[in-house]
Structures are given as structure tokens and as C-alpha cells.
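Here is a walk through the pockets, cavities and a few helices of one protein model. Keep the viewer open as you read.

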Amino acid sequence: MSRRRLPPLNSLRAFEAAARHLNFERAGDEIAVTASAVGQQVKGLEAWLGIPLFVRLPSKGVVLTPAGERYAATLSQVLDELDEATARVMRSEASRVVTVSTLPSFASSWLIPRLGSLRARHPDLEIRVSVSTSRTDFAREDVDVAIRFGKGGYPGLRTDLLMEETFFPVCSAALLDDAEHPLREPADLRHHTLLHEIPEGVPDFMTWPRWLAAVGVQGVDASHGPHFSHTFLALQAAAAGQGVALATNVLIGDYLKAGRLARPFPHQVKGAYQYYVVCPEAVAERPAIAAFRTWLLDEAKAQAELDGVL
């Protein structure tokens, strides 16, 4: 392996901060040195490289040279990765803190209601739940485990299938036994209001037209009815007797068990996306993360067995 050509780290920090701020004084405030010290570090780096990185302006401002722009862009990414690597190394292997990122709907409907079971099994584990609709960037975010909704195939990550998602209609018990138009088979939906969920940025999401086509039902107008941005809103509307919603086995929560909602018929359709537990391979077997992952998979298995009974 050839010897690395690495400039002094202090010079790199000073240059990277100055490149972001385009101001030596603000860069100095960030790294707790004077503007003069930043200037000296930058000059030293330019001498080491043998090329100018800034153009000094008469107004005492600075602008990056083309070489400086390229170097700053790469250096910022490298320092971010170094920061993340350092943070991970500083976390003790014995740490019992696990930060998990997931979708708001999954957190509220599935994960949080089950955390009591986790505490009973692992009272020493400390779980921190972060909700986001964006894909987790493990290199930049302080997240240990993510529960992703997708089609799998996440290179570089330990990936375990958590649950397969299926969709089925649900309604209130009163609507189920409606005297004029009882719900006995999917074709009966033509007499009822359909409640729609339209999540943003999820192509191939299971909509009423897709569900009806999958079970071979025609003649149901699925173009009308209230639209909701989240599953729990559509379920609340269905529980209030406002129509029939498409529920998923993952996000139905305790609505069925408590009798707030009922399944009018057994027809169900598998969705295009599933839920996965993912984390970087490098930390996958850290005791706390492995314990949390095992608990998740056990809970999902228990839920699948319950779904088979209901």
C-alpha cells in the first residue's frame, strides 16, 4: 500500500469551514480560532498543495478558485464521513441505546403500541424512535436501525423481511349490517362511499381501483369519496361510519380486535411493498441492535399468526 499524502487536519478543517462561509472570521468562530489563524492555516494548505484555493478580494472577502471548489466539495463529504465514523466508534459495543427510524404511520399504529413487550423482554434497552418519510442515510444520520417500506434490495445493509403487507376493506359494524345495502361481497361496495388514502411519493400504492381489479370486481365507481393523506385518518373515518376504507394488516392496529372496525368479507390483496428491518452490516450484530431486531421479527411473526386466525 502506497503512503498516503495527507495535509494537516487542522488546515483541512480551516479550509473547509472557510469554503462554506466564504469568510475567514465566521470560519474562525465555527472552529474556535481567530480569523488570522484561519488565514494562516489556509495559506499553509495552499503551500502544501502548491495551488491557490481562494482569490483574495480587495474588500477583504474571498472566493474559491475552480480547484478550491472541487476540493471543498470532496473534503466536506470526507469530513462528514469521518464525523460519522468517529461517532460510531465512540459508541460502546455495550451501549443499550438503539435509535430506530420509521414512518409515522408505522410508529403510531404498530411499533409504539408494542414497546411494552420490548421493555418486558429487555428492560435494559433504551429505544429512541424517530419518524421520517425519507430514506435513512446511515452515513449522515444518528440512526442505528430503520424500518423501511419498499421492495427490498438495499446494498450494504443487513436486511430482514419484517412483514408482507396485504390490503382488505374495513367498515363499522353498523355499516356492515346496513338494512338497505348490507356488505356481503365485494360487488356490494357499489352502494357505499369509498374512503381513499393517497400517500405522497408511493408509486404502485394499493388504491381502490387496483384492489377491485385484483379481486375481479367491475361496476364499482371508485373515483368518488373522501381522500386522506394518512392511513389512520381513513380508518378513523371508517370507524365513524363514513364509508369503507382499505386497511392493511400492518397498520390496522387494534381496530379489529376492539370491534371498532370489521372485515365485511375475507378478500385481500398483497401490496407491492413490504416492510424490512435494515441496518449497516458493520453494526448488525451489536448486542443491543441484534436484540431489538430479534424482538421485532418475533412480534411480526406473532402478528402474522394472529392475522391467520382473524
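Which element gives the most to the lining of the second largest pocket? That would be α4, with six residues. Bear in mind throughout that this is a predicted model.

## The second largest pocket

This pocket holds about 320 Å³ of space. Its lining is made up of 13 residues, and R5, L6, P7, L12 and Y71 sit nearest the centre. Besides α4 (66-90), the elements that contribute two or more residues are α1 (9-21) and α3 (35-49).

The lining leans heavily on one class: eleven residues are nonpolar, with one polar and one charged residue alongside.

## The largest pocket

Now for the largest pocket, with about 730 Å³ of space. There are 33 lining residues here, and those closest to the centre are L103, T133, F149, E200 and V202. Two or more residues come from each of β3 (97-102), α5 (104-121), β5 (145-150), β6 (157-170) and β10 (269-280).

Which element gives the most to this lining? It's β5, with five residues. By class, the lining of the largest pocket splits into 15 nonpolar, 13 polar and five charged residues.

## Two cavities

Searching the whole structure for cavities of 30 Å³ or more turns up two. The largest cavity has a volume of about 70 Å³. Around it you'll find F167, L195, H196, E197, I198, F205, M206, T207, W208 and L246. Strand β7 (residues 194-197) gives the most to that lining, with three residues. Sorted by class, the lining comes out as seven nonpolar, two polar and one charged.

The second largest cavity comes in at about 30 Å³. Its lining consists of F149, E165, F167, D204, F205, M206, G271, A272 and Y273. Both β6 and β10 give two or more residues to it, and β10 gives the most, with three. Here the classes are six nonpolar, one polar and two charged.

A few residues turn up twice. F167, F205 and M206 are in the lining of the largest cavity and also in that of the second largest cavity. F149, for its part, lines the second largest cavity and is among the residues closest to the centre of the largest pocket.

## Helix α3, end to end and side to side

Does the length of α3 agree with its residue count, or disagree? It agrees: 15 residues at 1.5 Å each should span 21 Å, and the end C-alpha atoms are 21 Å apart.

Looking around the helix, V38, G39, V42, L45 and E46 are the buried residues of α3. Viewed down the axis, they fall within an arc of 125°, so they line one face of the helix. Over on the other side, S36, Q40 and A47 are exposed. Just past the end of α3, G50 takes a positive phi of about 80°.

## Helix α2, another two-sided helix

Helix α2 (residues 24-31) buries F24, A27, G28 and I31. Down its axis, these buried residues fall within an arc of 100°, so they too line one face of the helix. Which exposed residues does α2 carry on the face turned away from its buried side? Those are E25 and D29.

## Cysteines and an arginine

How many disulfides does a search of the whole structure find? Zero. As for individual cysteines, C171 counts as buried because its relative accessibility is 0%, under the 20% cut-off. C279 counts as buried as well, at 2% relative accessibility.

R114 is worth a click too. This arginine lies in helix α5, one of the elements that give two or more residues to the lining of the largest pocket. Is R114 buried or exposed? At 17% relative accessibility, R114 counts as buried, since buried means under 20%. Its C-alpha atom is separated by 9.4 Å from that of L296, although the two residues are 182 apart along the chain.

Notes. Residues numbered from 1 in each chain as written. Predicted model: local features only at pLDDT ≥ 70, side-chain atom pairs only at ≥ 80, totals over all residues. Heavy atoms only, no water. 1 Å grid on protein atoms, 1.4 Å probe; cavity = no way out; pocket = protein on both sides within 12 Å on 5 of 7 lines; lining within 4 Å. Points joined across faces, edges and corners; volume = space filled by probe spheres on them. Helix = DSSP H or I, 4+ residues; strand = E, 2+ residues; numbered from the N terminus. Nonpolar A, V, L, I, M, F, W, Y, C, P; charged D, E, K, R; others polar. Expected span 1.5 Å × (residues − 1). Buried < 20%, exposed > 50% of the residue type's maximum accessible area, 1.4 Å probe, protein only. Arc of directions from axis to C-beta. Disulfide = S-S within 2.5 Å.
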